[in-house]
Structure formats: C-alpha cells, structure tokens
Amino acid sequence: MCLSVAGALTHISCFRRNLELFLVTNRYLTPTQQLELEKKRAALIKQIIHFLTLQRLLMPGLADILSPHAVLQINDPDLDHPEEIPLFLPSDCGTESARNRACIGELPEYEAQLREAEAQDALEGVRDGLR
C-alpha cells in the first residue's frame, strides 16, 4: 500500500507541474483553454482524492499533530484550485516523534526513498542537459 501512495504522489506531482505550467503560459484563457483547464483540474482532483483516501489509512494520527487550519484543508479542500491543496506528507510532520504518531509502518522511509529517487532523476536530467 505504501507503494500506492508513492505512485499516487508521483502522479499528483506530474499533474500539478503540468497544470502550473499551463497556467503560467496561458494568462488569458480562450474558451477552449478554459475547458482544458477544467479537465486538467478535474483529473488532478481525482488523483488528490485517491491520495487522501490512502493518507487516511496510512497516516491516521495526522489530524492530531496538525493545526486546526491544516486539518480543515484536509477535510474540506479547495476543489476550485486543486493545485493549491497541501498534501501533508510524513516529512511535513516536523519531528520524528510527530511522524511516528501520525504514520503507520515505514511510510516515512518510503517517502525518503521516493525523494531520493526524484533527486537522482533531477540530477540525471541536469547531466543530460550539460552533455
């Protein structure tokens, strides 16, 4: 199941980058671009809802360590702007003690491995760009 979270997180990251790039490159949207934006946001919302479902299972103590405002963002996310919805990963929990209270199993270690893999991919992209 932790691998499902990593997969969902990877998809969400990709969707977010794609959506943010679309918004930056298209400041004044035509009706067709507005429709495309809505489709992109709908796809991102589906991914985030899937992630939040997994998060409730793997981070059952998350609400105990977050501020009331952050808990509200989880329970009632802004679906009009899904690119701004915070995901609250184990690394967002602050201390190791807080991570242990919020997460079950080895979720923090899986996130660390995912972050390391993303960093390696980014370095590989830089290397390819320099060749």
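Is glutamate 124 buried, partly exposed or exposed? Keep that one in mind while we walk through the fold; the answer comes with the salt bridges. One thing to know up front is that this is a predicted model.

Let's start with the overall layout. The protein has six helices and zero strands, so reading along the sequence gives the pattern α-α-α-α-α-α. If you lay the C-alpha trace along its principal axes, it spans about 50 × 45 × 25 Å. Of the 131 residues, 34% count as buried. Look at contacts with a separation of 6 or more, and you'll find that residues 24 or more positions apart account for 68% of them. On the outside, the protein exposes about 8,500 Å², with carbon and sulfur atoms supplying 57% of that area.

Now for the charges. There are 13 positive and 19 negative side chains, and the centres of the two sets lie 4 Å apart. Some of the negative ones gather on the surface: Glu20, Glu38, Asp76, Asp78, Asp80 and Glu84 form a negative patch. Take glutamate 84 as an example from that group. You'll find glutamate 84 in the loop between helix 4 (68-75) and helix 5 (96-102). Its relative accessibility is 57%, so glutamate 84 counts as exposed, because the cut-off for exposed is over 50%.

Other charges find partners. Side chains of opposite charge can pair when their charged atoms come close. In this model the count comes to five salt bridges, and three of them make a nice tour.

First stop, helix 2, which covers residues 31-58 and holds lysine 40. The side chain of lysine 40 meets that of glutamate 36 in a salt bridge, at 3.7 Å from N to O. Both residues sit in helix 2, four residues apart, or about one turn of the helix. The two partners aren't covered to an equal extent: lysine 40 has a relative accessible area of 18% and is buried, whereas glutamate 36, at 34%, is partly exposed. The call on lysine 40 follows because buried means under 20%. And what does lysine 40 touch once its neighbours within four places in sequence are left aside? The contacts are Asn18, Leu19 and Phe22.

Next door in sequence is arginine 41, which forms a salt bridge with glutamate 83; here the closest N and O atoms are 2.9 Å apart. Arginine 41 lies in helix 2 while glutamate 83 is in the loop between helix 4 and helix 5, so this pair ties together parts that are 42 residues apart in sequence. What about cover for this pair? Arginine 41 counts as buried at 10% relative accessibility, and glutamate 83 is buried too, with a relative accessible area of 9%.

The third bridge brings us back to the opening question. Arginine 127 forms a salt bridge with glutamate 124, with 3.4 Å between the closest N and O atoms. Both of these residues lie in helix 6 (residues 107-130), three residues apart, which is about one turn of the helix. So here is the answer: at 35% relative accessibility, glutamate 124 counts as partly exposed. Arginine 127 is also partly exposed, with a relative accessible area of 39%. Both values fall into that class because it takes in everything between the 20% and 50% limits.

To finish, turn to leucine 58, which also has its place in helix 2. Leucine 58 counts as buried, at 5% relative accessibility. Along the chain, leucine 58 and glycine 105 are 47 residues apart, yet their C-alpha atoms are separated by 7.8 Å. Isoleucine 104 belongs in this picture as well: isoleucine 104 lies in the loop between helix 5 and helix 6, and at 39% relative accessibility it counts as partly exposed. Leaving aside neighbours within four places in sequence, isoleucine 104 is in contact with Leu57, Leu58 and Pro60. For another view of isoleucine 104, look across to threonine 25: the two are 79 residues apart in sequence and 40 Å apart in space, C-alpha to C-alpha.

Notes
Residues numbered from 1 in each chain as written. Predicted model: local features only at pLDDT ≥ 70, side-chain atom pairs only at ≥ 80, totals over all residues. Heavy atoms only, no water. Patch = residues over 30% accessible without salt bridge, like charges linked within 9 Å, V, L, I, M, F, W, Y side chains within 5 Å. Areas by Shrake-Rupley, 256 points an atom, 1.4 Å probe, with all protein chains shown as cover. Salt bridge = Lys/Arg side-chain N within 4 Å of Asp/Glu carboxyl O. Lys, Arg positive; Asp, Glu negative; His and termini not counted. Charge placed at Lys NZ, Arg CZ, Asp CG, Glu CD. Helix = DSSP H or I, 4+ residues; strand = E, 2+ residues; numbered from the N terminus. Buried < 20%, exposed > 50% of the residue type's maximum accessible area, 1.4 Å probe, protein only. Contact = heavy atoms within 4.5 Å.
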